[in-house]
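Visitor: Could you take me in for a close look at one spot where two helices pack together? Once we're there, feel free to wander on to whatever else stands out.

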Amino acid sequence: MNATTDHDVIVLGAGIAGSMIGAILARHGASVLLMDAGSHPKFAVGESTIPETLVTLRMIAERYDVPEIATLTNTKFLMEEINTSFGVKDHFGFLLHREGEEPDWREAVQLSTTGGVYKTSHLFRQDTDTHLFHAAVRHGCVPKLGYLVSDVEIEDDSVAVVGSDGRRITARYLVDASGFRSPLAAKLGLREEPSRLKHHSRSLFSHMINVRADEVLGHTGDQCPPTRWYDGTMHHTFDRGWFWVIPFDNNPASRNPLVSVGVTLDERMYPKNRDLTPEQEFFELASRFPAVERQFENAVSVREWVSTERLQYSATRSVGARWCLMSHAAGFVDPLFSRGISNTANVVNVLAHRLLGALREDDFTLERFAYVERVEQGLLDYNDALVNASFISFGHYPLWSAVFRVWTLGTVFSSNRLQAAMMRFRRTGDPEHLRALEDNDYPGLWWPDARYRELLDAVVEQTSRYERGEVSGDEAARHLFGRLASADFVPRPFGFADIEHRFLRPTPRRMVSMLKWAVTEAPDDVRDLYLGPVKESLKGLVAGRRPA
């Protein structure tokens, strides 16, 4: 620590983002003050994980030697090391609804997320966030909860926070992980007004008990998906909106009766009814869709409902020479596709080693942190493009099905890419394998590849043309499915280009077909995406290391 400051780093916000970065910095010898206006346990949404998130969290845990972070990568670890409050997530599923009609079982898609060391879960955030906060304190962070910050000061050689009690605390660097009400964003005038983000939505959400499961749909036999809807993250989609159902009680070992529920919808099409309470408005919206209404007919809220204004916000800048706005302090798009924790993990991963280097070398020049800025802004912009396209397509099943498959393709390739790099790091101990992930032209894009970027651009173009009435939904869908069918990098055996193949599952038979396709047909770099983890696993076994 610099003798002229109270700490090396001050972290504002002791949630999942602030606790992770704080734990890493303290574990490596930095003096860290971890501050929050609230206290633990605290309510938070962003409870559904995706495979990319879990691989990134494991990478962070091993790269920075903070094993507590890896606890979040498997339901078994959560139950053993924290408590029995977590739900399982065996799929990422979507079912289309129309007002006043029963849902058509054919208008559904589902991505299986089961498998291996990485087991996607429904995170009971008050417990995961407390777990990581305690880890940060164990590794050396100085906690300061229930403390209101009234001002921040950024100088050439230091930073400072001023509390509501008038106390001034100094440090060499400031990480603001406090979210939308970021004191740093307010002080420096960093909020974009209006936001550049194209997507529009607002949200209503709470935790409930007595939420019903799949029986409310009235589907039987072959009408049902291979994985029960209630055993994963359920999205009831409708024109320009979606309800979520995230159960914590779907795990036989869970002792948590709660279900996270909410609705997110375009506030321009569905303006807030200010004559109703948030709870009344939620049930009024649910009553428009018969199956959704049945799912919640006996449900009871266990906490106050949250009703937001427009969710989307962004920042003109997210880093400076001695400060960083982390993830949700920098901006937010929508909870669709569960990007919240994933974005946070991405930012933690690229910020931590740069900040540790800056502390060692006493070099906080803006150039050192420029890549963090590119990642954060890219995460916002690419996710905004995808979510906006999704909302446009929700009401037209074939078009939405095509958009869903483009997202799925990217998230599968992203997980494989990260997994291969992490296994190379684990086998060799050389962090260069992880730094090499940053050598790409599309920071923030989950699979940063030019071909995938072109496919995402096609999604944006076609959904925008559909929105403007230039093409029909069927025409836009045919165009996107045609691109999926003709692209040599899209794995044919997985069914990405087949609209009738609604449930994307890595069954043993399909995985054998995928490996055969990778060996015989895939471009060289895509072959490496699929075979890289397998090869690294075999090398690790030969070297006597357990597979990641």
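Guide: On the H9 side, Leu-386, Ser-390 and Ser-393 meet Leu-399, Trp-400, Val-403 and Trp-407 of H10. Bear in mind that this is a predicted model. A pair of packed helices is described by the angle between their axes and how far apart those axes are. Here, helix H9 covers residues 370-393 and helix H10 covers residues 397-428, and they pack at about 155° with their axes 8 Å apart. An angle over 145 degrees counts as roughly antiparallel, so that is how H9 and H10 sit relative to each other. As for handedness, the H9 and H10 crossing is left-handed.

Step back along the chain from H9 and you land in the loop that joins helix H8 (340-361) to it, where Asp-362 lies. Asp-362 isn't a glycine, yet its phi is positive, about 50°. Most non-glycine residues have a negative phi. Asp-362 is partly exposed, at 46% relative accessibility. Arg-240 also has a positive phi, near 70°, without being a glycine. You'll find Arg-240 in the loop between strand S12 (233-238) and S13, and this one is buried, with a relative accessible area of 11%.

S13 leads us to another helix, because strand S13 (241-247) is part of what covers the buried residues of H6, along with strand S11 (202-209), strand S14 (259-265) and helix H7 (290-295), among others. Those buried residues of H6 (residues 278-286) are Glu-281, Phe-282, Leu-285 and Ala-286. They span an arc of only 135° around the axis, so they are on the same side of H6. The general background is simple: with 3.6 residues a turn in an α-helix, residues three or four places apart point the same way.

S11 also borders a loop worth a look: Pro-194 sits between helix H5 (183-188) and S11. The peptide bond from Glu-193 into Pro-194 is cis, with omega near -5°. Another cis bond runs from His-40 to Pro-41, with omega near 0°, and Pro-41 is in the loop between strand S2 (32-36) and helix H2 (51-63).

And the cysteines? The whole structure has zero disulfides. Cys-141 is in none, and its nearest cysteine sulfur, on Cys-324, is 16 Å away; a disulfide would need the sulfurs within 2.5 Å. Cys-141 is buried at 4% relative accessible area, and Cys-324 is buried too, at 0%.

Definitions and conventions. Residues are numbered from 1 along each chain as its sequence is written. This is a predicted model: local features need pLDDT of at least 70, side-chain atom pairs count only at pLDDT 80 or more; totals for chains, interfaces and linings use all residues. Side-chain values use heavy atoms; hydrogens and water are left out. Buried means under 20% relative accessible area, exposed over 50%, partly exposed in between (1.4 Å probe, protein chains only). Helices (H or I, at least four residues) and strands (E, at least two) are DSSP runs, numbered from the N terminus. The arc is that of the directions from the helix axis to the C-beta atoms. Contact means heavy atoms within 4.5 Å. Axes are lines fitted to C-alpha atoms, for helices over the stretch in contact, and angles run from 0 to 180 degrees between N-to-C directions. Angles under 35 degrees count as roughly parallel, over 145 as roughly antiparallel, 65 to 115 as roughly perpendicular and the rest as oblique. A crossing is left-handed if the near helix is turned anticlockwise from the far one by less than a right angle, and right-handed if clockwise.
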